[in-house]
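Open the model in your viewer and keep a selection tool at hand. The tour moves from stop to stop, saying what to select and what is found there.

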Amino acid sequence: MLDRRDFVQQLLADRGDLLVVPGLGSATYDVAAAGDHPLNFYLWGAMGGTAMIALGLALARPDRRVVALPGDGDMLMGLGSLATIGVKQPKNLVVVVLDNAHYGETGMQPSHTEAGIDFAALALACRFRQARSVTRIEETAEVRKLLHSGEGPILINAKIKLDDVPRVLPLRDGHAIKERFIAALNAL
Amino acid sequence: MHSPADVETSWPDAIHAHFRRIGVRQVGYVPDAGHSRLIALCRDDPQIVDVVLTTEEEGVGLVAGAALGGQRAALLMQSSGVGNCINMFSLLRNCGFGCIVLVTMRGEFGEFNPWQVPMGVITEDVLRLAGFLTYRVDTADAVDEIVGAGCDMAFNGNLQIAILLSQRLIGPKQWTR
């Protein structure tokens with residue numbers, strides 16, 4: 001099992017122009033803890049929508065690499081979006097699910113993945129080009145390579161430990177997050 | 001120019017023309033009989049990426065992502081789909097994403113299926129409560145003007161605009177079998 005902060009930190013190291021959409025709750029805190037960046041579109045709500053926001057972005061900017069980082073609860077709420085992504089086949093989109101098999105924001109109730117529901121199998125059934133689970137930190141470099149050059153759509157189910165880590169709270173004003181992101185993307 | 005008879009069936013062409021004029025590049029939709037002609041126009045348009053959704057709320061995320069990437073996006077849905085989007089609409093309000101939603105109405109004029117009525121009668125109120133400005137279209141000859149104004153407000157003003165295409169305009173669902 002992965003330490004969530006170590007994994008996300010290593011995943012986003014030397015990220016270059018990567019466009020990053022973390023899901024609400026712990027995923028947003030993990031991405032903030034890895035270092036604030038104007039090309040992070042932090043979510044504080046819109047549960048279930050993370051992968052679809054990343055799809056809209058990936059279709060609009062096929063010249064850029066896009067990564068969605070939903071938690072397992074977020075991905076479960078938007079399972080249909082795997083099928084929608086599978087139809088469009090965006091080559092520049094990677095979904096990395098931060099899966100601790102629990103709803104961390106609401107009292108650590110077990111999620112469906114604790115009962116064995118498998119995002120990687122679901123993604124393959126939805127015509128993702130690659131999908132697999134990772135459990136060891138040594139695999140992070142390989143996942144990072146996929147983020148930057150793998151042919152999408154790709155789903156990585158990152159099995160993370162059930163740690164309660166300190167919250168790192170980034171920008172919360174939606175207009176500011178959006179405007180900062182768009183300005184940074186336009187400046188590339 | 002269209003003859004009056006043409007307008008009765010070709011109003012989706014006017015919507016598509018406004019998509020082209022305002023630069024809509026992504027269109028998200030759940031398949032719908034009332035929107036079938038518009039969906040076909042969008043699918044055949046090389047300037048537009050059409051995205052078929054499993055549920056309408058996916059489209060709200062799509063609009064936000066498209067805007068982050070510098071593209072304008074529109075959503076096509078039936079009135080029942082509005083109910084599926086309520087929480088996700090907060091994304092548009094919180095961040096000020098301009099959005100145009102074309103809603104084909106069910107559960108009103110000539111509706112055959114009573115199961116469509118409860119959502120149909122609250123659709124406009126729901127949209128307003130979620131922060132949308134709503135405009136109703138009851139006749140084919142009004143589509144062009146109202147959709148044009150709606151597109152301008154959505155994308156020049158970053159507002160959330162919903163156009164309700166009444167069941168009287170679309171015609172009640174035909175039950176042929």
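Start where the two chains meet, bearing in mind that this is a predicted model. Select the contact: 26 residues belong to chain A and 27 residues to chain B. On the chain A side, α3 (50-60), α5 (80-88) and α8 (174-187) each contribute at least two residues. The largest share there comes from α3(A), with eight residues. By type, the chain A side divides into 14 nonpolar, nine polar and three charged residues.

Keep α3(A) selected and add the largest nonpolar core, a set of 113 residues. Among its residues, those with the most contacts inside the core are A54(A), V96(A), V63(B), A64(B) and V103(B). Here too α3(A) gives the most, nine residues.

Next, center on V96(A). Beyond its neighbours within four places in sequence, V96(A) contacts L11(A), V67(A), L69(A), I156(A) and A158(A).

Now display the strands of chain A. Five of them make an open sheet with parallel pairing, in the order β1-β2-β3-β7-β6. At the edges are β1 and β6 (130-134) of chain A; each has a single partner strand, so one side of each lacks a neighbour in the sheet. From one strand to the next, the twist averages 15°.

Zoom in on β2 (residues 66-69) and β3 (residues 93-99) of chain A, which pair in the parallel sense over three bridges. Select V67(A) and look across to β3(A): its bridge partner is V94(A). Then add helix α2 (residues 26-33) of chain A, which packs on the sheet and touches β1, β2 and β3 of chain A. The direction of α2 makes about 140° with that of β1(A).

Where does G16(A) lie? Select it in the loop between α1 (4-11) and β1 (19-22) of chain A. G16(A) has 10 other C-beta atoms within 10 Å; exposed means 12 or fewer, so G16(A) counts as exposed. For a distance check, pick L39(A): the C-alpha atoms of G16(A) and L39(A) are 9.9 Å apart, while the two residues are 23 apart in sequence.

Finish in chain B with helix α3 (residues 56-68). At 1.5 Å a residue, its 13 residues should span 18 Å, and the end C-alpha atoms are 19 Å apart, which agrees. Is α3(B) largely enclosed or open to the outside? Of its 13 residues, 13 are buried, so the rest of the structure largely encloses α3(B). Step just past α3(B) to G70(B), which takes a positive phi of about 90°.

Definitions and conventions: Residues numbered from 1 in each chain as written. Chains lettered and ligands numbered in written order. Predicted model: local features only at pLDDT ≥ 70, side-chain atom pairs only at ≥ 80, totals over all residues. Contact = placed C-beta atoms within 7 Å. Helix = DSSP H or I, 4+ residues; strand = E, 2+ residues; numbered from the N terminus. Nonpolar A, V, L, I, M, F, W, Y, C, P; charged D, E, K, R; others polar. Buried ≥ 20, exposed ≤ 12 C-beta atoms within 10 Å, placed from the backbone. Core = buried A, V, L, I, M, F, W, Y, C linked by C-beta atoms within 7 Å. Expected span 1.5 Å × (residues − 1). Pairing = 2+ DSSP bridges. Axes fitted to C-alpha atoms, helices over the stretch in contact; angles between N-to-C directions.
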